[in-house]
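Below is a colleague's note for a structural biologist, set out as numbered points. Please read each point alongside the sequence and the structure.

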Amino acid sequence: MKLPTSYLAPGMILARPVYGQRGVLLLNRGVSLTSFDISALRRHGVLAVYVEGPLSEEELREARAVMEEEVRVHTMNVVRSWAENGRRRANFASIVDQVKSVVDEILAGRMPTNALSEISAADSYTFAHSVDVCVLSVAAGVRLGYKRDDLLKLGVGALLHDLGKSRVPPEILNKPGKLTPAEFAEMKKHPVWGYKMLREDMDGWVDSVSAAIVLNHHERYDGSGYPRGLKGKEIHLTAAVCAAADMYNAITTDRVYRPALPPHEAYEMLMGAGGSALDFRAVQAFLPCVDPYPAGMLIRLSTGEIAVVLSSDPAMPFRPKVMLVATGEIVDLQKELAVVITGLLPPAEARAMAAGMRPARAAV
Ligand SMILES: [Fe+2]
Ligand SMILES: [Fe+2]
C-alpha cells in the first residue's frame, strides 16, 4: 500500500523501489525501513512510498491502477529539465510525447480510470504533483467524452499548470508555516507567470486551451478564485477539471505545513465543492476517477473490526468489498448494509499493525 511518509515507522518493508527527485534510486524494494531511512526520505523530498501491507502486490494488482514508477520518474524529469533549461521548443516535443503516452495508456484501459486514487499521494511536490494532476485530469476528460486531441490539450495544460511556481521564491514556496498576506500575494501570481511563460516565450506552439488552463486553474466557479475572479461558465471546463484534480491531489498529499488528508475526506470535500467552488460537471467527471477508500487501506468497521479494503464499485464507492484482518473473512459492504466504515485506522495503529507483521517477514 502507498503511505504518506508521515505514516511510516521503522520496520515497515518497502514494496517498491524509491527514487529521489532526480530519478536516483534511494532505497530498493524489500528494505526494512530504519528511522534513519525515514528521515533521509523526508530530506530527499519523498512524500509517499509503497510499503508491504496485509495484501500482497499480487492481490492488489487487479484492484488498482499502477503507473509504472519509471514512467512517473521519467515524466517528472522531462518536465523538470524543460522548465529549468530555458523551455526550448525542441524539448517541448518531449512534454507532448509524455502526455500522449498518458492519454494512450488511459484510452487503452491500461490505467483504469476508476482507480486512480493511488497516485494521489505524490512522491515529491510540484513535479510529481504535476504528473498526478495531468493523469487525473485526462482520466476525468475521458469521462467527459473528450476526443484524443482535446485530451492532449487538457493533459499538456494540467502537466504545466504550476509552471509559474518556478518564479516564486523557494522560501515562500516551501515555507512550513502560514504565508503572510504579502507572501500569499506573491504565490498567487504563479498562474499569470506560467501563462506568460507559455504565451510570450513560446507563442504559437502551445495551444491556447492548454495556456488557458495554466492561467485559470485557481479560478473558482463561485467567483472566489484568482487571478481574475472569473465565474461559472466564464471558466472553461478543461480548467475546472484541472482545478478539481489539483485540489484533490493537494489535499491528499503531505505538505511542509500540514499532513495529508485521507482520501475519503478529500472525496467528501470535493463533493461539497461541486456547484460552489467547482463546476459540478467537473466534479462529476472527476470523482469516479478516485476511490474514497483505495484498495489496501486499513479501515475500522462499526462492528469494531479492522479490515483491509479489497475493491470498490465506482457507483457505490463508500461500500467497498473488505477483508477482516483477524479472520480473513470477506465482507461485501454493498450487501452487509448494517455495517458501516467508521474511519481509517489512525496512523499510530496502522504503524503498530505493520510492525506486528515484521517478524514473519524478517524471518524469511
Ligand atoms: Fe497552482
Ligand atoms: Fe497545483
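**Notes on the metal sites and helix packing**

1. The iron ion (ligand 1) and the iron ion (ligand 2) lie 3.7 Å apart, with Asp162 coordinating both of them. This is a predicted model, and the remarks that follow should be read with that in mind.

2. Around the iron ion (ligand 1), the coordinating atoms come from Asp162 (OD), His190 (NE2), His217 (NE2) and His218 (NE2), at 2.1 to 2.2 Å. Because the four donor atoms subtend angles of 86 to 177°, the arrangement around the iron ion (ligand 1) is irregular. Along the chain, the donors of this iron ion (ligand 1) follow the spacing D-x27-H-x26-H-H. Since Asp162 lies in the loop between H6 and H7 and His218 in the loop between H10 and H11, the pair ties together parts that are 56 residues apart in sequence.

3. Both of these residues count as buried, Asp162 at 4% relative accessibility and His218 at 13%, where the cut-off for buried is under 20%.

4. The iron ion (ligand 2) has as its protein donors His129 (NE2), His161 (NE2), Asp162 (OD) and Asp246 (OD), which lie 2.2 to 2.3 Å from it. The site of the iron ion (ligand 2) is likewise irregular, with angles of 77 to 176° among its four donor atoms, and the sequence spacing of its donor residues is H-x31-H-D-x83-D. His161 lies in the loop between H6 and helix H7 (170–173) and Asp246 in helix H11, so this pair ties together parts that are 85 residues apart in sequence. Both His161 and Asp246 are buried.

5. Turning to helix packing, helix H6 (residues 148–159) and helix H10 (residues 208–216) pack at an angle of about 35°, their axes being 8 Å apart, and the crossing of H6 and H10 is right-handed. On the H6 side the contact involves Lys153, Leu154, Val156, Gly157 and Ala158, which meet Val209, Ser210, Ile213 and Val214 in H10. Sorted by class, this contact of H6 with H10 has six nonpolar, two polar and one charged residues.

6. In helix H12 (residues 263–273), the buried residues are Pro263, His264, Ala266, Tyr267, Leu270 and Ala273. Their cover includes helix H11 (237–251), helix H13 (280–286) and strand S9 (341–344); helix H11 is also where Asp246, a donor of the iron ion (ligand 2), is located. After H12 comes Gly275, with a positive phi near 90°.

Key. Residues are numbered from 1 along each chain as its sequence is written. Chains are lettered from A and ligands numbered from 1 in the order in which they are written. This is a predicted model: local features need pLDDT of at least 70, side-chain atom pairs count only at pLDDT 80 or more; totals for chains, interfaces and linings use all residues. Side-chain values use heavy atoms; hydrogens and water are left out. Axes are lines fitted to C-alpha atoms, for helices over the stretch in contact, and angles run from 0 to 180 degrees between N-to-C directions. Helices (H or I, at least four residues) and strands (E, at least two) are DSSP runs, numbered from the N terminus. A crossing is left-handed if the near helix is turned anticlockwise from the far one by less than a right angle, and right-handed if clockwise. Contact means heavy atoms within 4.5 Å. Ala, Val, Leu, Ile, Met, Phe, Trp, Tyr, Cys and Pro count as nonpolar, Asp, Glu, Lys and Arg as charged, and the others, Gly among them, as polar. Buried means under 20% relative accessible area, exposed over 50%, partly exposed in between (1.4 Å probe, protein chains only). Donors are N, O and S atoms within 2.8 Å of the metal (3.2 Å for Na, K and Ca); water is not among the atoms, so sites may look incomplete. Four donors count as tetrahedral if all angles lie between 85 and 135 degrees; four count as square planar and six as octahedral if opposite donors are over 155 degrees apart and all others between 65 and 115; anything else is irregular.
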